[in-house]
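Okay, everyone, thanks for coming. Let me put my model up on the screen and then talk you through a few bits of it.

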Amino acid sequence: MPRHAVLDSNTHRELRIRTDAGADLGDDIMATLTVPSEFRRVQAHFPILFRRETGRDDFSALAMFGFQNGENLFLDGDRWDARYRPLSVAIQPFLIGRPASGDGPGQVHIDMDHPRIAAASEGVRLFDADGKPTPYLDDIVERLGDLDEGYRESASFYDALLAYELLEPFSLEVTLDDGSIHSLVGFHIIDEARLRALDAEVLGALHAAGHLMPMFMALASLSQLSVLVARKNRRLGGG
C-alpha cells in the first residue's frame with residue numbers, strides 16, 4: 001500500500017530519488033494515464049487509446065507501452081527507449097494531494113514506499129543543504145502542475161466526446177512474426193468518420209473550446225500501433 005506524506009523541506013531534507021529506468025522502479029507497465037493537454041507530445045511516440053473506468057461512465061486516455069500487463073516495450077533494461085516520458089510516469093513517486101472535499105490548493109505529496117526512494121548515496125536530492133528545492137524538484141513541481149491542470153480540464157473534453165458520440169469501441173488482434181497472437185481489447189478510439197461529419201458550427205465550437213486539436217492528436221497517435229507491433233517483434237526476436 002502507498003504511504004503518502006506531504007513533502008516537507010525539514011522532514012525530507014536528505015531524501016533522494018532514483019531517476020533511472022527499470023522494472024524494479026515501477027516502469028514495467030503496459031500503459032499510463034495521459035491527459036488531452038499532453039496528447040501532442042504523446043502521439044509522437046505512443047498510441048493513445050481510451051478506456052471506460054470500471055463501473056463508471058467516465059473515460060480516461062492511456063498512452064500504450066505494450067500488449068499485456070507488465071509489458072513495457074519502451075523499457076530496455078535500465079534505459080527508457082523513447083524521447084518522451086508521459087507526465088504520469090515522469091512525476092513518480094510524487095503526486096498532488098488535496099483536501100477530501102477536492103477544493104483548495106494542491107500540495108506536493110510523496111509515496112514513501114515507492115521503489116524510487118533512494119538509499120543515502122544514490123539518486124538525486126530534493127533539497128539543498130539550506131532546505132531550498134533543487135532544480136530537479138522544481139522540474140517535478142512544474143510537471144505535477146501541468147498534469148494536475150490537464151486532468152482537471154479534461155472533464156469538458158470527455159463531455160464533448162460523449163455529447164457528439166465521438167468514441168467508438170476498438171480492438172486489435174496482431175499475429176506476430178513467431179506466429180503468436182496478441183490482442184488489445186476493451187478500448188475506444190475517436191470515431192474519425194463521425195468527427196468529419198460534424199457541421200462547421202460544431203467543429204468551430206470544439207475548436208474554440210480547445211478540444212479539436214487533442215482529438216486530431218489522438219487520431220494521429222494510432223499510427224504508433226504499428227511501431228508497437230514492430231517493437232514486440234524485435235523483442236521476440238531478441239533484437
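**Charges, core and odd corners**

So, charges to start with: the chain has 24 positive and 37 negative ones, and their mean positions sit 4 Å apart. Lys and Arg count as positive, Asp and Glu as negative, with His and the chain ends not counted; each charge is placed at NZ of Lys, CZ of Arg, CG of Asp or CD of Glu.

Quick housekeeping. This is a predicted model, where local features need pLDDT of at least 70 and side-chain atom pairs count only at pLDDT 80 or more, while totals for chains, interfaces and linings use all residues. Numbering runs from 1 along each chain as its sequence is written, and side-chain values use heavy atoms, leaving out hydrogens and water.

Overall, we've got seven helices and 12 strands. Those are DSSP runs numbered from the N terminus: H or I of at least four residues for helices, E of at least two for strands. Of the 239 residues, 43% are buried, meaning under 20% relative accessible area with a 1.4 Å probe, protein chains only.

Now the core. The largest nonpolar one has 63 residues, and Phe-50, Phe-94, Leu-126, Leu-161, Ile-190 and Met-215 have the most contacts inside it. By nonpolar core I mean buried Ala, Val, Leu, Ile, Met, Phe, Trp, Tyr and Cys residues joined through side-chain atoms within 4.5 Å. Helix 3, residues 135–163, gives the most to this core, with nine residues.

Take Ile-190: leaving aside neighbours within four places in sequence, its contacts include Phe-50, Leu-161, Met-215 and also Glu-168. Contact here means heavy atoms within 4.5 Å.

Next, where does Ala-21 sit? Ala-21 is in the loop between strand 2 (16–17) and strand 3 (31–34), and is buried, at 8% relative accessible area. Not counting residues up to four places away in sequence, Ala-21 touches several residues, among them Asp-27, Leu-75, Trp-80 and Arg-116. Leu-75 is 54 residues away along the chain, yet the two C-alpha atoms are separated by 7.4 Å.

Last, two backbone oddities. Most residues other than glycine have a negative phi, and most peptide bonds are trans. Here, the bond from Gln-92 to Pro-93 is cis, omega near 10 degrees, with Pro-93 in the loop between helix 2 (87–90) and strand 8 (94–97). And Glu-165 has a positive phi, near 50 degrees, in the loop between helix 3 and strand 11 (167–175).

Technical notes:
Buried means under 20% relative accessible area, exposed over 50%, partly exposed in between (1.4 Å probe, protein chains only).
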